[in-house]
Amino acid sequence: MTSIARKLSLDEWDARYEQLTRAGLREPAYGGPLRRHVLLEGDLRLRQLRFDNSAAALRLWNFLLTENQRLHAARAQGEKIIGTMKDLGTVPVMAYVLPGLRAFYPDGAWWTPCLMECSDGLLQQAEQLGIDASFCPVRAMLPAFQNGEHFPRPDALICSTGAVCDDFSAIAQRLEKMGFPIVWWEMPRRRPPDPDEPACALPGELCAPQVQVDCVRTELERVGQVLSGLAGQPLDTGTLARGIRKANEVRRLLAHLRRVVYTSPGAPLPALELLVAEMLAIHFCSDQEETVGVLTDLLAEAEARLQRKQYVVDEAAVRVFWVNPVADLRAMNLLEDWGGRVCGSDYMFTHALDLIPEDLPPLEALARTALADPMVGSTRERACRIVTDCRAGRAEAVVISRIPGASHCAREGALIRETVRADLGIPTIELEVPPICDAMLPTLASRLQALMETVRARR
Amino acid sequence: MEVFYTSPWVPPEWIKAHGLEPRGVWLARDFACEPLPLAAGVCAFANAVVRLAERQAGSAVIFTSHCDQLRRGFDTVAGAAAPRVFLFNLPVTWQTPVAERIFADELRRLGRFLVGLGGHAPAPGDVAELMTEYSQARQCLLDAVAWCPAREYAEAVARFHLDGSVNLPPERGCPQPQRYGQQHGDDILPRAATSVAAAPGDSRAPGPNAIPLALVGGPLPESQMPLLDAIEKGGGRVVLNATEAGERSLWPASLLVQLQDNAFDLLARGYLANCVDVFQRPNTRLYDWLRGRLAARQVRGIVLWHYVGCDLWRAEAQPMREAFGLPVLLLDADETAPNRNTGRLEAFLESLR
């Protein structure tokens, strides 16, 4: 089944799928040709995307695009569905270790308008609910709850609040008023410890006052009691430690995959597939075991290509560090089309990529990990990690992708750029990617191409 | 030293007990008078706080963490102005012991910051005494709700936040002038602080047929207070000022009997227990607070005031319509269309006649 690494359009994938099938491709239950997601689910955006041609990438895409069906199937089998919101990576670790619970992020609905090219009408419906385009595209979550046409109605909703973005907080509050009760838990804004104040290390080379970790740990304990009640089984220390080890299995795989892809001379896998793979870390796309399989396949493919020096993006491409997830997946393709490649990323959940400490009491470890969220600390701290990761990936430029309407984007870009310029002296650019970026192509092209030219001139 | 604070849920009593001068920003001189920012998505209020922190090199500024814009505004000044800016972590939840603990811890941390600025640790009894003083001032302002004209009331509450004093207009049988707390110096006098009450027969007085409205929403600094005049000019009357530093920020003096040894605990618990704001999760207390007052004052419409980019308030327009069964007019601070708000207000009031 080995073939030259390259990117394919959806049309080309039809033939590629037949080829793989004839060669004996074995797929999981959710497998099948990519085309069916367009025909059956209305994921029209796939027609505009270009995908990696490996069987591993096919598995990744099918895994991603069948999540709602798998959630409905789990519900039908009597499992309880937990909507975890905003914390991006913490509560699912607790939920997945309990039998009969399946956690997912309704926040993920923010990509539905992109995938369905707005044919879902979610953004328009959100507007009718009073949440207009001044809010970030995560507003698509609201009508998705209301119409029940996407994910099943969760048995419980658990949302972190406090130092989170205002868009999400406001939308989640609206959701609760629409009749979806929410268990809120407090995430304080992370601050540096004062002199002489008891402090502790967090993942990601961060530190925080012990008093803040204690508060988060107490909140997580409360969340654990809610989950225990739903599962009918206590979430004891041993059980939680097992959950952390399992989550770390995913995180180790992902760390390995990122290292292989981001530090290699050319890119053995495209930026789009890496973005999707990274997203698996936050809630395992509703299936923890399968996530391990998907990532193992991707890693094997990337390593094999690296050994063969086979790249989907060649070595001459400009090495770009990408900040924030894109509302339109196509943007990742466009970067590569215009001469760039991703060599590092901060998609707002770096705390879900770092290993959860296994040498601490489990709740303490989870609390420290949750508090390492790049979005709950200062932008300067986030920028410092970006600088470190830029060095690791030998980044030649930084792209900060603004999320339309997102409250954190108004100021963070300037601060990150300032730090990157001061510490690395590499060019940076800020651009906004709407859920469907087609109308913006000339603007995006001119800005990204100018960045590529600037970098090449500096070489 | 002056210590500016940006949320009414940061206790000025605590600042004062450390020997420093608490100054609520809403009526501070030259605050929020610059042109509104053009950078996409930047909240003009948060931007004004950043400018204040940059400009007032001899003062301290307390930001609060309750909204993204202020949190990140703090990030922009935290480098250069680090020794004199402070980010107060306001808990968003309020039903748990963790929220109480966070608030109390933050008060203690603020105390250490104030001492670092040259203040002193509160002497025994100081906090209780100041709490009593501020509670009486709040109560006096609450008592004036029934008779004080909207603009004068907004200014009086903002002035209380500025310097702890109570300056109500001489009106309708209330012992006047009422003053509590220390008077301000000239250096912090706002530009147009001496608004005179509307006398009977004054053309500015709202007529008996004026439509009772509630003004609900975010901060209303002095530069935006002409909105209150515009409402009256259009035939409305604000009978409930529930903006950030309006009546909503005044909690009743119900804890005084318990004061003495445990003043700090009561201060922390009192503020958290009486905080009524949109950022709280859930924000049911805001709705409960509004519900009784809207009915009692026979409010016929709500003007929901917010800054452009403020998601927290903007998202509440529709829930408020549904919760209270009242028409809601969403108004924002938009200097690019200064007449737009007037036109919309007039149309809103016309539709309520």
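**Figure 1. Pairing of strands β1 and β3 in chain B of the predicted model.** In this predicted model, strand β1 (residues 2–5) of chain B runs beside strand β3 (residues 60–64) of chain B, and three bridges join the two in the parallel sense. One residue of the pairing can be followed across to its partner: F4(B) is bridged to V61(B), which belongs to β3(B). Strands of a sheet pair through backbone hydrogen bonds, and such pairing is either parallel or antiparallel.

**Figure 2. The open four-stranded sheet of chain B.** The sheet is made of four strands of chain B, arranged in the order β2-β1-β3-β4 with parallel pairing. Its edges are formed by β2 (21–24) and β4 (85–88) of chain B; each has a single partner strand, and therefore one side of each has no neighbour in the sheet. On average, neighbouring strands of this sheet are turned by 25° against each other, direction ignored. Chain B as a whole contains 12 helices and eight strands.

**Figure 3. The two domains of chain B and the contact between them.** Chain B is divided into domain 1 (2–122) and domain 2, the latter assembled from three segments (129–171 + 205–251 + 279–352). A distance of 23 Å separates the C-alpha centres of domain 1 of chain B and domain 2 of chain B. To their contact, domain 1 of chain B gives 27 residues and domain 2 of chain B gives 29 residues. On the side of domain 1 of chain B that touches domain 2 of chain B, the elements giving two or more residues are α1 (12–17), β2 and α2 (44–55) of chain B. The largest share of this side, four residues, is supplied by α1(B). By class, this side of domain 1 of chain B holds 19 nonpolar, five polar and three charged residues.

**Figure 4. The side of chain A that touches chain B.** The contact involves 38 residues from chain A and 37 residues from chain B. Two or more residues of the chain A side come from each of β5 (156–162), α9 (166–177), β6 (183–187), α10 (210–231), α16 (379–392) and α17 (409–424) of chain A. Helix α9(A) provides the largest share of that side, with nine residues. Sorted by class, the residues of chain A on this side are 14 nonpolar, 11 polar and 13 charged.

**Figure 5. The largest nonpolar core and the surroundings of I171(A).** The largest nonpolar core comprises 268 residues, and I171(A) and V49(B) have the most contacts inside it. Domain 1 (2–122) and domain 2 (129–171 + 205–251 + 279–352) of chain B each give at least three residues to this core. When residues up to four places away in sequence are left out, I171(A) touches I131(A), F135(A), V138(A), R139(A), M141(A) and L142(A), together with A315(B) from chain B. Within chain B, which has 353 residues, 52% are buried.

**Figure 6. Two residues of chain A with positive phi.** Although neither is a glycine, K86(A) has phi near 80° and C118(A) has phi of about 65°. K86(A) is found in the loop between β3 (80–85) and α5 (91–95) of chain A. C118(A) sits in the loop between α6 (112–115) and α7 (122–128) of chain A. Are these residues buried or exposed? K86(A) counts as buried because 26 C-beta neighbours lie inside 10 Å, and the cut-off for a buried residue is 20 or more. C118(A), with 17 C-beta neighbours inside 10 Å, counts as partly exposed.

**Figure 7. The cis peptide bond before P282(B).** R281(B) and P282(B) are joined by a cis peptide bond, with omega of about -10°. P282(B) belongs to the loop between α8 (263–274) and α9 (284–296) of chain B.

**Figure 8. P97(B) and its separation from S223(B).** P97(B) lies in helix α4 (residues 97–116) of chain B. P97(B) counts as exposed because it has 10 C-beta neighbours inside 10 Å, and 12 or fewer is the cut-off for an exposed residue. The C-alpha atoms of P97(B) and S223(B) are 39 Å apart, and 126 residues separate the two along the chain. Across chain B, among contacts between residues at least 6 apart in sequence, 71% join residues at least 24 apart.

How values were computed
Residues numbered from 1 in each chain as written. Chains lettered and ligands numbered in written order. Predicted model: local features only at pLDDT ≥ 70, side-chain atom pairs only at ≥ 80, totals over all residues. Pairing = 2+ DSSP bridges. Axes fitted to C-alpha atoms, helices over the stretch in contact; angles between N-to-C directions. Contact = placed C-beta atoms within 7 Å. Nonpolar A, V, L, I, M, F, W, Y, C, P; charged D, E, K, R; others polar. Core = buried A, V, L, I, M, F, W, Y, C linked by C-beta atoms within 7 Å. Domains from an automatic or database assignment.
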